[in-house]
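Reader: I would like to learn how to read a model of this kind, beginning with a single strand and working outward to the sheet, the helices and the core. Could you take me through it step by step?

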Amino acid sequence: MKVSEVINVAWEGLATNKLRSLLTTLGVIIGVAAVIIMMAVSAGTEATISEQINSLGANLIFVSAAMTRGFPGAPNSSGLTYDDAEALRSQIKNIVGFAVEQQTSATIKYGNVTLEDITLLGTTPDFPSVRDVAVASGRFVTQSDLDHTASVAILGSEVAQELFGNTDPIGEKITVGSTKLTVVGVMASKGTVQGSNWDERVYTPITVIFDKFLPARFAAMAGNNVRTIYLQAKSKDVIDDAIVQVKLLLARRHDVSLESADFTVRTQEDIIETQEATTAAFRNLLGWVAGVSLLVGGIGIMNIMIANVTERTREIGIREAVGATENDVRLQFLAEALMLSLAGGVIGVVAGVGGSWLFARLGDMRTVVVPSSIILAFTSAALVGIFFGYYPANQAAKLDPIESLRHE
């Protein structure tokens, strides 16, 4: 039997019960759509994480204090200090900038306006270039501010708007906690990065944080300890060499071996890879869930094809009586199962792509349709049709023609 004849006969068989055929494909439709949507959500999450990490700055090296027992700064405890940051900046080759951060929360007042729980971030002059932010007006922290513990502040764009409206804040004094700070700059809008709104911050020299804003007991014990030092390498090509130098210098300063180091050194790529490993595990889980939907769809196809064989036993006997071979009958029913799964695959692809777009439009989560997911889902649908359609087709082919003709 020609392929075209097999397809025509299969189509006629399915068209006889259009509603039942459509309902049979629902499992495949849902499975295919689920694969595409779930992989789109996973890919969108990975892309968002990667963009946010890269938006923190270019060619960054993150030096962080390791989690150790005891209180940072206490006798025999370990941690990073502001002096470590200065040493790294001056002694490591191919480092073009560094930033150190120490933060707290404070209530800020100007006139009749009061803002509560605003992040007060103490940092260093290279912060704008290292962390890829810009000053919209005025200036940022200078080395002189650090050396003299100058009481100055640089406002995030939203803080400036809430405190001063459209008035120029440069030169005005704000009250942060119980300390007066002079506004010397306003930052350009940065938005939310990794769950933190950078526009709702106030920046000040890190020495001001150490001197005026850390609780006395904490300051006495922790001194000028910092959690993370951000180093900006000259280029990607020198990052690996710079990391080796950083590890050796800090190990020597802290009198520890590299195996028992009280610090960790990572790059943006390391963080992205860690996040991708997490989302990959999540994606695999979602893939298995979607695979179960396809499995259920395949079982539905097998069920309906077995019912078709039973209902059309006499038809099968007539076809065999007029010359159809076992292989012709097998191909006919296998073609019907394959057509059901392929139809479900096509509809599922459309539903998956459309659902991914709708999901992104109506929700807060970004989605990115992965072309390979479409190919995977459609191929899986075809294989499901072949796998679950073979048994009913084979049963139909093995029916005895004489017994089939007697069937009522």
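Author: Let us begin with one strand, bearing in mind that this is a predicted model. Strand β15 (residues 263–267) has a covered face made of Phe-263, Val-265 and Thr-267, and an uncovered one made of Thr-264 and Arg-266.

Reader: Taking one residue of the covered face, why is Thr-267 called buried?

Author: The class follows from the relative accessible area, for which buried means under 20%. Thr-267 has a value of 6% and is therefore buried. Leaving out residues up to four places away in sequence, Thr-267 touches Leu-60, Phe-62, Ile-239 and Ile-243.

Reader: And how does one read a residue such as Ala-47, in helix α2 (residues 18–54)?

Author: The cut-offs to apply are under 20% for buried and over 50% for exposed, with partly exposed in between. Ala-47 has a relative accessible area of 22%, so it is partly exposed. The C-alpha atom of Ala-47 is separated by 8.9 Å from that of Thr-367, although the two residues are 320 apart along the chain.

Reader: Returning to the strand, which sheet order includes β15?

Author: One reads a sheet by listing its strands in spatial order and then asking how they pair. Here four strands form an open sheet in the order β3-β14-β1-β15, with antiparallel pairing. Because β3 (95–100) and β15 each have a single partner strand, they stand at the edges, and one side of each is left without a neighbour in the sheet. On average, neighbouring strands of this sheet are turned by 20 degrees against each other, direction ignored.

Reader: How many bridges hold the pairing of strand β1 with β15?

Author: Strand β1 (residues 60–65) pairs with β15 over five bridges, in the antiparallel sense, and the partner of Ala-65 in β15 is Phe-263. At the other edge, β3 and strand β14 (residues 228–233) also pair in the antiparallel sense over five bridges, with Val-100 standing opposite Ile-229 in β14.

Reader: Which strands of the sheet does α9 touch?

Author: For a helix on a sheet, one looks at the strands in contact and then at the relative direction. Helix α9 packs on the sheet and touches β1, β3, β14 and β15, its direction making about 170 degrees with that of β15. Helix α3, for its part, lies across β3 and β14 and runs at about 170 degrees to β3.

Reader: At what angle do α3 and α9 pack?

Author: Helix α3 (residues 82–91) and α9 pack at about 135 degrees, with their axes 11 Å apart. That angle makes α3 oblique to α9, and the crossing of the two helices is right-handed. Among the residues that meet there are Asp-83, Ala-87 and Leu-88 in α3, and Val-246, Leu-249 and Leu-250 in α9.

Reader: Which residues touch the most other members of the largest nonpolar core?

Author: As general background, nonpolar side chains in soluble globular proteins tend to be buried together. The largest nonpolar core here has 68 residues, of which Ile-61, Val-63, Ile-174, Ile-229 and Leu-231 touch the most other members. Helix α9 (residues 239–254) gives the most to this core, with seven residues. Apart from this core lies another, of 22 residues, among them Ile-304, Val-309, Phe-333 and Leu-340.

Reader: With which residues is Val-63 in contact, leaving aside its neighbours within four places in sequence?

Author: The contacts of Val-63 include Leu-80, Ile-229, Leu-231, Val-246, Leu-250 and Val-265.

Conventions
Residues numbered from 1 in each chain as written. Predicted model: local features only at pLDDT ≥ 70, side-chain atom pairs only at ≥ 80, totals over all residues. Heavy atoms only, no water. Core = buried A, V, L, I, M, F, W, Y, C linked by side-chain atoms within 4.5 Å. Buried < 20%, exposed > 50% of the residue type's maximum accessible area, 1.4 Å probe, protein only. Contact = heavy atoms within 4.5 Å. Pairing = 2+ DSSP bridges. Axes fitted to C-alpha atoms, helices over the stretch in contact; angles between N-to-C directions. Parallel < 35°, antiparallel > 145°, perpendicular 65-115°, else oblique. Left-handed = near helix turned anticlockwise from the far one by under 90°.
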